[in-house]
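Biologist: Before we begin, please take me through this model with care, and say for each term what cut-off lies behind it.

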Amino acid sequence: MSDPLSPASLFALGLFAALWLIAGLWAVGRGVAMQRRSAFVAGQTERLASLVEASPQLPVIVRADWRIEAGERLGRWLGLDGGPRNFDELRGLDAGLDAAGHEALRQAILGAQRGAKPFTLNLTPRGGSRTIVFQGMAAPPAVGGPGSVLLWLSDATDGQQALVRARAERDEAMAAFEALSGLIEAAPFPMWFRETDMRLALVNAAYVRAVEAKSAAAVIDEGTELCEPVAGVSATDAAEAARAAGSAQQRTVPVTIEGERRIMRVVDVPLAPEGGRVIGIAGYAIDIQELESERGAHRRFVDTQRELLDRLSAAVAQFGPDQELVFANLPFRRLFAIGADEVAEARSFARLLDAWRDAGRTPEVRDYPQWRQAHVDWFARAEAGEEEWLLRDGTHLHVVAQPTPDGGLLLIAEDRTEQVQLASTRDTLLRVRTATFDNLFEAVAVFAPDGRLHLWNQRFRRLWSVDEPTLAAHPRVDQLMNGLADRLAKPNQVSIVQEVIRAATLERQQRVGQIRFRDGRHFDFAAIPLPDGNALLIMLDVTDSRKIEGALRERNEALEAADKVKTAFLSRMSYELRTPLTSIGGFAEMLQAGYAGKLGEQQQAYVDAIIDSVGVLSRQIDNVLDLAQGEAGTLAIERAPVDVRALLDAALGDAGALAGDEKVELVGQLADGLGRIDGDAPRLSRLFAGLLDNAIRYTAPARRGDGRVLLHADGNARGVEIVVSDNGPGLPEAVAAVTRGEQAGTQSGGIGIALARQLVAAHGGTMEVLSEKGQGTLVRIHLPRGA
């Protein structure tokens with residue numbers, strides 16, 4: 001059994017165990033601290049790596065053996081598929097650095113390896129638009145081994161583009177500045193620039209010439225001012241006022257330029273870029289001497305013009321660009337009843353129109369507001385406008401509105417009432433003369449003193465068978481007659497006509513002659529000198545007179561006797577028939593009026609029948625007299641313009657009652673172009689009424705309620721065609737009835753047909769009667785426009 005340990009041993013053993021425990025605890029603490037430090041270093045390393053990755057510059061280490069240590073960004077920047085591991089991989093087939101750039105980078109790296117010389121290269125990889133800046137230096141020993149080179153790569157694409165743009169903008173700004181400087185220098189008027197101390201810093205050549213200085217430098221050094229002080233205000237004071245106001249200031253002052261006194265408009269403009277502090281005062285001066293002279297001349301011209309306008313007979317008014325009345329001459333004020341105070345008041349054009357309307361000095365229009373606005377718009381028109389104003393009192397005004405260049409209006413009104421009346425009278429006289437000229441029985445032509453055809457009527461044209469264009473060319477008498485010689489039986493007789501016309505135009509002597517046409521017609525002609533120097537040629541057809549001249553001599557006495565008998569018979573018949581008929585009608589009208597006492601209903605009907613019969617008998621007597629005169633050749637036709645449609649409408653209206661009583665359908669078909677003809681209206685009215693009356697009376701007994709009478713009328717430029725047709729028994733039966741004298745209606749119908757032929761022939765027309773037994777009768781009448 002061993003001896004127990006002594007206290008000293010136990011103490012030593014306890015001390016060793018304690019030391020051992022302390023050493024273990026220290027080792028554990030040291031390990032934990034090292035672990036924490038390692039984690040901190042790893043975190044720092046990761047943060048540094050992230051910072052390097054996020055940095056716009058890329059670090060690259062090139063070893064002495066040309067191996068490369070770099071991130072994946074180097075491959076992306078160079079357009080390579082992956083990160084290069086050696087220097088030769090920086091040059092790919094289709095990407096990376098080209099041969100020249102690769103070699104330049106190699107030489108720069110060699111220089112850094114050998115002499116520790118830093119370098120900077122700008123290279124652009126193939127197939128890309130990047131610009132990469134290579135900055136190289138010898139690598140620190142802690143980064144790479146001996147012979148290593150540290151490269152810093154940065155993408156300078158945006159910077160290079162911005163630099164290019166900045167250089168371009170600088171070049172443009174410099175070019176614009178040089179152009180502006182050249183423009184200022186070449187300006188024909190003085191220009192200058194003052195610095196903030198109001199001293200001149202820049203002047204152009206025009207300024208130097210104006211102050212008669214040697215050079216711009218001399219002007220600036222001496223501070224020579226262009227403008228002299230005016231009313232205590234100097235040029236610098238005016239510039240200071242412009243700076244204080246912060247806006248351009250202008251003034252008009254007299255200036256001595258090259259020894260001559262001129263009026264100049266001087267403008268000072270403070271220069272403050274984008275509303276900042278004023279950096280100087282620019283100024284320029286414009287010579288307005290001519291402008292002021294022109295203004296004075298213009299004012300004198302306006303005054304003279306207004307004095308002249310006051311002396312004109314035409315009414316003239318001027319309106320300014322604001323549409324207010326500026327001036328109105330005396331005729332205008334009289335015409336539109338404007339006082340001098342209203343002119344001074346400068347009333348607007350629209351208000352004047354309203355006042356003129358109230359006074360009846362504007363035409364009556366349906367929509368006055370629209371008319372008023374249309375005339376106010378005269379100020380905005382580019383061309384002049386003309387109108388005719390017919391006022392309520394019959395005044396006829398010709399109004400001209402002329403816009404002025406300054407936006408105003410010149411209004412001219414001329415009273416043409418008297419001219420319009422004279423023109424209307426003249427036109428009426430010309431129409432009357434033309435109608436008279438064309439309706440003469442003679443062929444008439446007027447030749448001018450030089451022998452040219454001046455006027456002619458239609459009978460002259462038809463006589464010689466010449467077309468209108470030939471006559472409208474106004475040929476000479478020799479040219480005209482030589483072309484018409486073949487119309488004469490003896491072509492050489494055309495010289496007689498020429499000689500007669502020559503004697504009338506040149507010798508002013510009246511000559512006569514006779515010619516015979518190839519178709520056997522004979523004409524007497526005469527040339528009569530006219531007061532205006534022209535000659536009148538008259539040609540009268542005497543063919544018939546020559547043919548019947550012998551017969552007339554033989555039968556003259558017999559015809560005179562027969563004419564006396566016929567005239568006495570017609571006069572006696574007219575008197576003996578009309579006298580008792582007038583008495584019957586007069587007494588019947590007295591009975592109808594109640595002079596013999598009030599009539600009963602039956603008695604009134606009898607009296608009405610008597611009056612109607614008197615009217616029918618009166619028309620029949622007129623028809624008989626006209627028929628007798630027509631057969632005797634003494635039927636006188638009074639010609640005047642006749643409205644054919646009005647006559648036909650009246651005839652249809654008068655025949656409507658008879659058609660209704662006889663139960664006959666009466667139809668009228670009247671065209672729109674009937675117009676007027678020259679004829680005897682009362683006789684034409686009886687003609688149309690008689691034809692309708694006959695047709696209705698013939699048709700009613702045969703058709704028994706289904707009779708039909710048609711009146712058709714149409715017209716053209718030559719004449720009017722009228723057709724009356726019925727579906728009655730036909731004309732042969734009517735003619736037989738007239739022959740037998742069985743019916744009064746039939747008799748009157750026969751007389752109506754015969755009289756119709758006479759009246760139509762007397763009007764120069766034609767009449768055609770077509771009739772078929774049992775089918776009806778058609779009467780076609782053609783009446784010419786003129787006689």
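**Reading the predicted model**

Modeller: At a relative accessibility of 58%, K663 counts as exposed, since exposed means over 50% relative accessible area, buried under 20% and partly exposed in between, with a 1.4 Å probe and protein chains only. This is a predicted model, in which local features need pLDDT of at least 70 and side-chain atom pairs count only at pLDDT 80 or more, while totals for chains, interfaces and linings use all residues. Residues are numbered from 1 along each chain as its sequence is written, and side-chain values use heavy atoms, with hydrogens and water left out.

Biologist: What phi does K663 have?

Modeller: K663 lies in the loop between α20 (644–662) and β22 (664–670), where helices (H or I, at least four residues) and strands (E, at least two) are DSSP runs numbered from the N terminus. Most residues other than glycine have a negative phi. K663 is not a glycine, yet its phi is positive, at about 55 degrees.

Biologist: Is H474 buried, partly exposed or exposed?

Modeller: H474 sits in the loop between α15 (468–472) and α16 (477–484), and although it is not a glycine it has a positive phi of about 55 degrees. Its relative accessible area is 32%, so H474 is partly exposed.

Biologist: How far apart are the end C-alpha atoms of helix α3?

Modeller: Helix α3 covers residues 99–115, which is 17 residues, and the expected span of a helix is 1.5 Å times one less than its number of residues. The helix should therefore span 24 Å, and this agrees with the separation of its end C-alpha atoms, 24 Å.

Biologist: Which strands are included in what covers the buried residues of α3?

Modeller: The buried residues of α3 are G101, H102, L105, A108, I109, L110 and A112. Taking contact to mean heavy atoms within 4.5 Å, their cover includes β1 (57–62), β3 (119–123), β4 (132–138) and β5 (149–155).

Biologist: Which residues does E442 touch, not counting those up to four places away in sequence?

Modeller: E442 is in the loop between α13 (417–438) and β16 (443–447), and with a relative accessible area of 26% it is partly exposed. Leaving out residues up to four places away in sequence, E442 touches N457, R459, I538, M539 and L540.

Biologist: Where in the protein chain is confidence lowest?

Modeller: The pLDDT is the predictor's confidence in each residue, from 0 to 100, and its mean over the protein chain is 79, with 86% of residues at 70 or more. Strand β25 (residues 719–726) has the highest confidence, at 92, whereas the lowest, at a mean of 48, belongs to helix α22 (residues 731–740).
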